[in-house]
Amino acid sequence: MNTPDDDVPALSEDFAVRIDLQPGWVDLTLREDSKAEAKALATKTVNELNPLSLEIEKSAVFDDMAERALNLNEDAPALVAAYYAESGEGLINLVIDSYGDEGVPRPAADEVIPLLLEWENGEVVGDPEVTRLELAAGPAVRVQATLKIKRMLGLGRRITEFVKYAVFPPGMQSLVVVTATWEKIQLTEENTQRVDEIVPTLRLDLVDEDGNDIAPKPESQNP
């Protein structure tokens, strides 16, 4: 995933990225980014699938899920997930992370749009769809477009659809970016709906140094 600035580290603001994943979505976030952790996560998830609905071997679903988890966690994002059909096929990749640099103002919405359309290994095809909206986590810019990805060794291209949200949480310096991609263009309408249904549930919960949630202080009551 190409970010607004690949050289800019994530801020040390103490918050955890949370999102409500609906049925079909699998949280693939790894804490240690190890093969053992990825395999354990895949094993637990595959064992919970309905075997009567699977159209591919459980071993193939396991391999896909473990490999997908390792690939999506490569840059240590805040949260990653994938959408799996009842057949066991992985359809959508979802990556959420925060970006910024301490002491440097985050970019404005107009400045973010062209950055969201930049990809290290591909280029946008056609005119992107750009929308501004308000989420519970803050004002956001949403872009959707088709991407032509370079294959390994530069041999040929493959077409991918993507949706990106840049969220500007109020009172924070961080810019939170949600990126969803899929290759089955014929499922764009359904996949877009799946992504757009969960992104509004995005929230940033304050945590302490150990990652534990910090309960909000109760409002003072007048005697």
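**Strand S1, a helix pair and a few residues worth a look**

At 16% relative accessibility, Ala 16 counts as buried, because the cut-off for that label is under 20%. Its place in this predicted model is strand S1, which covers residues 15–18. In sequence, Ala 16 and Ala 78 sit 62 residues apart, yet their C-alpha atoms are 7.5 Å apart in space.

Ala 78 itself belongs to the loop between H2 and S3. With a relative accessibility of 27%, Ala 78 comes out as partly exposed. Setting aside residues up to four places away in sequence, Ala 78 touches Val 17, Thr 29, Arg 31, Ile 96 and Asp 97. Another pairing brings in Ser 98: here the separation from Ala 78 is 20 residues along the chain and 7.2 Å from C-alpha to C-alpha.

The same loop between H2 and S3 also holds Ala 76. Phi of Ala 76 is near 50°, a positive value in a residue other than glycine. In general, most residues other than glycine have a negative phi. Ala 76 counts as exposed, at 59% relative accessibility. A positive phi turns up at Asp 33 too, near 55°, and again the residue is not a glycine. Asp 33 lies in the loop between S2 and H1, and its relative accessible area of 34% makes Asp 33 partly exposed.

Stepping back to the whole chain, there are 4 helices and 9 strands. Read from the N terminus, the order of the elements is β-β-α-α-β-β-α-β-β-β-β-α-β. Of the 223 residues in the protein chain, 41% are buried. As for contacts with a separation of 6 or more, 62% are between residues 24 or more positions apart.

Next come the two helices H1 and H2. Helix H1 takes in residues 35–47 and helix H2 residues 58–72; their axes come within 8 Å and cross at roughly 135°. That angle makes H1 oblique to H2, since over 145 degrees would be needed for roughly antiparallel. The crossing of H1 and H2 is right-handed. On the H1 side, the residues that meet H2 are Lys 35, Ala 38, Lys 39, Ala 42, Thr 43, Thr 45, Val 46 and Asn 47. They face Lys 58, Val 61, Phe 62, Met 65, Ala 66, Ala 69 and Leu 70 in H2. Sorted by type, the residues of this contact come to 9 nonpolar, 3 polar and 3 charged.

Aromatic pairs are the next stop, and the structure holds 2 of them. One is formed by Trp 25 and Tyr 83, with 5.5 Å from centre to centre and 70° between the planes, an edge-to-face arrangement. The label follows from the angle, because planes over 60 degrees apart count as edge-to-face. This pair links distant parts of the chain: Trp 25 is in strand S2 (residues 25–27) and Tyr 83 in strand S3 (residues 79–84), 58 residues apart. Both Trp 25 and Tyr 83 are buried.

Further along the chain, Pro 139 lies in strand S6, which spans residues 138–150. Pro 139 is partly exposed, with a relative accessible area of 34%. The C-alpha atoms of Pro 139 and Phe 168 are 5.4 Å apart, although 29 residues separate the two in sequence. Phe 168 also appears among the contacts of Pro 139, which, leaving aside neighbours within four places in sequence, are Leu 133, Glu 134, Ala 166, Val 167, Phe 168 and Pro 170.

Last is Asn 191, in helix H4 (residues 188–198). Asn 191 is buried, with a relative accessible area of 0%. Apart from neighbours within four places in sequence, Asn 191 is in contact with Leu 91, Ile 92, Trp 182 and Lys 184.

Conventions
Residues are numbered from 1 along each chain as its sequence is written. This is a predicted model: local features need pLDDT of at least 70, side-chain atom pairs count only at pLDDT 80 or more; totals for chains, interfaces and linings use all residues. Side-chain values use heavy atoms; hydrogens and water are left out. Axes are lines fitted to C-alpha atoms, for helices over the stretch in contact, and angles run from 0 to 180 degrees between N-to-C directions. Angles under 35 degrees count as roughly parallel, over 145 as roughly antiparallel, 65 to 115 as roughly perpendicular and the rest as oblique. A crossing is left-handed if the near helix is turned anticlockwise from the far one by less than a right angle, and right-handed if clockwise. Contact means heavy atoms within 4.5 Å. Ala, Val, Leu, Ile, Met, Phe, Trp, Tyr, Cys and Pro count as nonpolar, Asp, Glu, Lys and Arg as charged, and the others, Gly among them, as polar. Buried means under 20% relative accessible area, exposed over 50%, partly exposed in between (1.4 Å probe, protein chains only). Rings of Phe, Tyr and Trp (its six-membered ring) pair if their centres lie within 6.5 Å; planes under 30 degrees apart count as stacked, over 60 as edge-to-face and the rest as tilted.
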